[in-house]
Amino acid sequence: MDAQTEPEVPPAPVSEEPFLGPLDIVLLLALVGGAAWYLLKNRKKDTTTSQFKSYSIQPTTVNTMTMAENSFIKKLKSSGRRLVVFYGSQTGTAEEFAGRLAKEGLRYQMKGMVADPEECDMEELLSLKDIDKSLAVFCMATYGEGDPTDNCMEFFEWIQNNDVDMAGLNYAVFGLGNKTYEHYNKVGIYVDKRLEELGATRVFELGLGDDDANIEDDFITWKDKFWPAVCDYFGIESTGEDVLMRQYRLLEQPETPPERLYTGEIARLHSLQTQRPPFDAKNPFLAPIKINRELHKAGDRSCMHIEFDIEGSKMRYEAGDHLAMYPVNDSDLVQRLGKLCNADLDVVFSLINTDTDSSKKHPFPCPTNYRTALTHYLEITALPRTHILKELAEYCSDEKDKEFLRSMCSTAPEAKSKYQEWVQDSCRNIVHVLEDLPSCHPPIDHVCELLPRLQPRYYSISSSSKLYPTTVHVTAVLVKYATKTGRVNKGVATTFLAQKHPINGEPLPRVPIFIRKSQFRLPAKTETPVIMVGPGTGLAPFRGFIQERDFHKQEGKEVGQTVLYFGCRKRAEDYIYEEELEDYVKRGVIKLRSAFSRDQAHKVYVTHLLEEDMDLLWTVIGEKKGHFYICGDAKNMATDVRNILLKVLQSKGNMSESESIQYIKKMEAQKRYSADVWS
């Protein structure tokens with residue numbers, strides 16, 4: 001209970017009489033005695049709160065607000081809707097797809113709403129059948145090693161662990177995944193299958209989006225077949241052409257005082273000025289950067305070693321966890337976008353949801369100004385999806401430009417290939433699109449509505465809290481590349497970090513961060529042997545692992561064999577943490593197998609070294625039941641390494657192909673085979 005002030009007592013009237021009469025004194029003593037008894041009686045009940053609490057008697061209140069807000073059934077009924085689209089989203093794509101489906105529902109007499117499972121009472125799904133011709137759609141992303149996204153965890157566990165009766169629920173699922181990952185679309189596939197097992201009716205087949213190819217194309221292809229199936233199932237008809245509608249209305253607020261303006265905060269106003277734990281995705285810690293040094297010794301590429309100070313934040317981490325940081329967009333790009341939209345970037349505004357029943361009142365924290373929105377809240381370097389191009393087309397004064405944009409927005413094969421070539425292969429962001437179509441001048445507020453939210457970037461932590469409890473280290477390659485159009489594109493986060501160098505005599509640069517827990521962990525027993533495969537910056541989490549193994553060894557504990565496979569282009573250029581690794585080798589902490597692909601005529605990669613060491617691999621994972629870790633590129637390296645392991649199990653362990661696959665699956669279930677990979 002929060003401390004409350006005593007009710008204010010009105011001043012006594014001025015009088016010649018004594019201040020307190022005998023009866024007053026008796027009553028006062030009784031009150032004081034009663035209060036003292038009450039406080040002493042309750043003193044032991046709450047040892048965690050302040051000793052000097054003041055109390056006032058309050059009527060008992062029942063918080064009905066939360067229940068009402070969490071009830072998507074009530075919202076559907078009160079607003080005459082029949083469609084609810086839930087999303088499981090880690091990077092914002094599934095949420096964006098959900099919004100597009102709900103918006104399109106109007107064309108098919110299915111007025112819809114978007115819902116976050118984390119903010120809903122998902123047991124209400126059992127009551128959705130009470131709404132005539134109702135439909136629940138699930139846009140479900142798979143994250144990590146086949147896991148549900150953070151906002152979908154509770155819902156996933158609920159359907160997994162409860163045999164509820166979903167009879168009468170109409171549903172459809174679109175999954176978002178990446179084929180380079182072992183557990184491609186595992187969550188979407190499971191939700192689709194599980195809802196059917198619980199008695200729900202699948203209205204349309206499961207859709208699977210592949211982010212390694214063209215997930216936008218996958219979604220549109222699925223969606224364009226989904227709606228006719230829905231119309232057929234419910235016996236309804238489309239109302240006709242697609243109507244472009246604004247989801248948010250603009251409200252300019254020039255009178256807003258500066259202290260009420262959002263300036264980059266994620267949720268709470270002034271949260272970056274007045275920092276209060278606990279720190280998480282909605283309340284990041286503004287961490288000082290103590291060290292930012294270059295790891296590459298030569299060459300034209302850059303790799304940064306960055307140390308964030310987390311002292312006093314109460315944040316904890318373990319080797320293998322991820323550090324998430326909120327970057328800001330390049331000021332030059334922001335300026336160019338403002339100019340292309342003929343906008344004054346210092347105008348203060350809010351975008352307000354036209355759907356008054358939506359829990360999402362604004363697309364990002366408002367009120368703010370356009371400069372802040374484009375700098376802190378919107379992904380301006382993301383490649384615009386086709387629905388954005390379709391809306392931008394309306395602002396082209398030249399019919400050729402309008403037709404050109406529209407020509408990329410259908411599901412026809414020629415439209416898809418044109419989009420692939422002009423947007424994806426050429427890496428055109430919103431700024432490039434507007435620069436290359438000079439007759440297109442959309443209003444800045446509509447651009448702010450269309451662009452997705454700027455997402456935090458995640459990095460494998462490259463330190464151990466056993467050695468560095470008050471600092472978190474990350475290892476990041478600066479992203480910078482030339483495009484087909486002759487432009488140079490830069491990574492949002494690494495470009496931002498590259499500018500954050502501590503300077504003597506000046507305050508340390510600060511970055512908003514939080515820690516995301518991971519399942520990527522060393523074995524509980526220090527004597528268990530481990531093999532780690534981490535070429536390039538894939539070395540990052542293993543640096544933390546090695547620090548921890550060394551720490552235990554110096555404590556006198558028995559530490560199992562620690563083998564690291566590391567690879568880079570040239571020993572003299574990009575051999576990161578060379579001195580550290582060589583020192584660990586000298587002291588017998590690790591066995592190091594390194595491949596320098598360009599130091600000889602023929603390319604040598606870590607996969608070649610693994611194939612040479614098949615006996616060692618079998619000894620560690622087959623005979624000694626050790627742990628095997630991969631970190632780095634998911635598309636090629638991780639797949640090749642897994643195939644080599646299968647070969648080891650078959651040739652050294654005398655297993656059949658199916659037995660070797662099952663063996664690795666068992667290792668995964670036991671957390672003996674772990675991958676921290678990206679594509």
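What follows is a short exchange on a predicted model of one protein chain.

Biologist: How many helices and strands does the protein chain have?

Modeller: The chain has 679 residues, and 51% of them count as buried. Among contacts between residues at least 6 apart in sequence, 76% join residues at least 24 apart. The secondary structure comes to 22 helices and 23 strands.

Biologist: Which residues have the most contacts inside the largest nonpolar core?

Modeller: That core holds 41 residues. Elements giving two or more residues to it are helix 8 (331-340), strand 12 (348-353), helix 9 (370-377), helix 10 (386-393), helix 12, helix 13 (430-436) and helix 14 (444-450). Inside the core, the residues with the most contacts are Leu337 and Cys448.

Biologist: Which residues does cysteine 448 contact, leaving aside its neighbours within four places in sequence?

Modeller: Cysteine 448 falls within the range of helix 14 (444-450). A contact here needs heavy atoms within 4.5 Å. With the sequence neighbours within four places left aside, the partners of cysteine 448 are Phe349, Leu351, Phe364, Tyr370, Ala373, Leu374 and Leu378.

Biologist: How many residues are in the other core, the one that lies apart?

Modeller: Its members include Tyr565, Val606, Trp618 and Ala675. It lies apart from the core of Leu337 and Cys448. Its count is 33 residues.

Biologist: Is proline 363 buried or exposed?

Modeller: Proline 363 sits in the loop between strand 12 and strand 13. Leaving aside neighbours within four places in sequence, it is in contact with Tyr248, Leu351 and Arg453. Its relative accessible area is 8%, and buried means under 20%, so proline 363 is buried.

Biologist: What separates the C-alpha atoms of proline 363 and glutamate 449?

Modeller: Proline 363 belongs to a loop. Along the chain, proline 363 and glutamate 449 are 86 residues apart. In space, their C-alpha atoms are separated by 6.9 Å.

Biologist: Which peptide bond is cis in the loop between strand 12 and strand 13?

Modeller: Most peptide bonds are trans. The loop between strand 12 and strand 13 (368-369) contains proline 367. With omega near 0°, the cis bond runs from cysteine 366 to proline 367.

Biologist: Where is proline 278, and what is the omega of the peptide bond from proline 277 to it?

Modeller: Proline 278 is in the loop between strand 8 (248-252) and strand 9 (285-294). The bond that joins proline 277 to proline 278 is cis. Its omega is near 5°.

Biologist: Asparagine 185 and asparagine 654 each have a positive phi of about 55°. Which is buried and which is exposed?

Modeller: Most residues other than glycine have a negative phi. Asparagine 185 lies between strand 5 (170-177) and helix 6 (186-197), while asparagine 654 is in the loop between helix 21 (634-651) and helix 22 (657-669). Relative accessibility is 0% for asparagine 185 and 67% for asparagine 654. So the buried one is asparagine 185, and the exposed one is asparagine 654.

Biologist: Why is helix 16 described as largely enclosed?

Modeller: Its buried residues include Phe542, Arg543, Phe545, Glu548 and Asp550. Helix 16 is largely enclosed by the rest of the structure because its buried residues number 12 of 15.

Biologist: What is the distance between the end C-alpha atoms of helix 16?

Modeller: Helix 16 spans residues 540-554. At 1.5 Å a residue, its 15 residues should span 21 Å. The model agrees with that, as the end C-alpha atoms are apart by 22 Å.

Biologist: What phi does glycine 556 take?

Modeller: Glycine 556 comes just after helix 16. Its phi is positive, at about 95°.

Biologist: What is the volume of the largest cavity?

Modeller: A search of the whole structure finds one cavity of 30 Å³ or more. Its lining includes Asn214, Asp217, Met408, Lys416 and Tyr419. By class, the lining has four nonpolar, four polar and three charged residues. The volume is about 80 Å³.

Biologist: Which helices each supply at least two residues of that lining?

Modeller: Lining residues include Glu216, Ile220, Ala415 and Lys416. The helices are helix 7 (215-234) and helix 12 (413-424).

Notes: Residues are numbered from 1 along each chain as its sequence is written. This is a predicted model: local features need pLDDT of at least 70, side-chain atom pairs count only at pLDDT 80 or more; totals for chains, interfaces and linings use all residues. Side-chain values use heavy atoms; hydrogens and water are left out. On a 1 Å grid over the protein atoms alone, a cavity is a set of points where a 1.4 Å probe fits but cannot get out, and a pocket is an open set with protein on both sides within 12 Å along at least five of seven lines; lining residues have an atom within 4 Å of a point. Grid points are joined across faces, edges and corners, and a volume is the space filled by probe spheres set on the points. Helices (H or I, at least four residues) and strands (E, at least two) are DSSP runs, numbered from the N terminus. Ala, Val, Leu, Ile, Met, Phe, Trp, Tyr, Cys and Pro count as nonpolar, Asp, Glu, Lys and Arg as charged, and the others, Gly among them, as polar. A nonpolar core is a set of buried Ala, Val, Leu, Ile, Met, Phe, Trp, Tyr and Cys residues joined through side-chain atoms within 4.5 Å. Buried means under 20% relative accessible area, exposed over 50%, partly exposed in between (1.4 Å probe, protein chains only). The expected span of a helix is 1.5 Å times one less than its number of residues.
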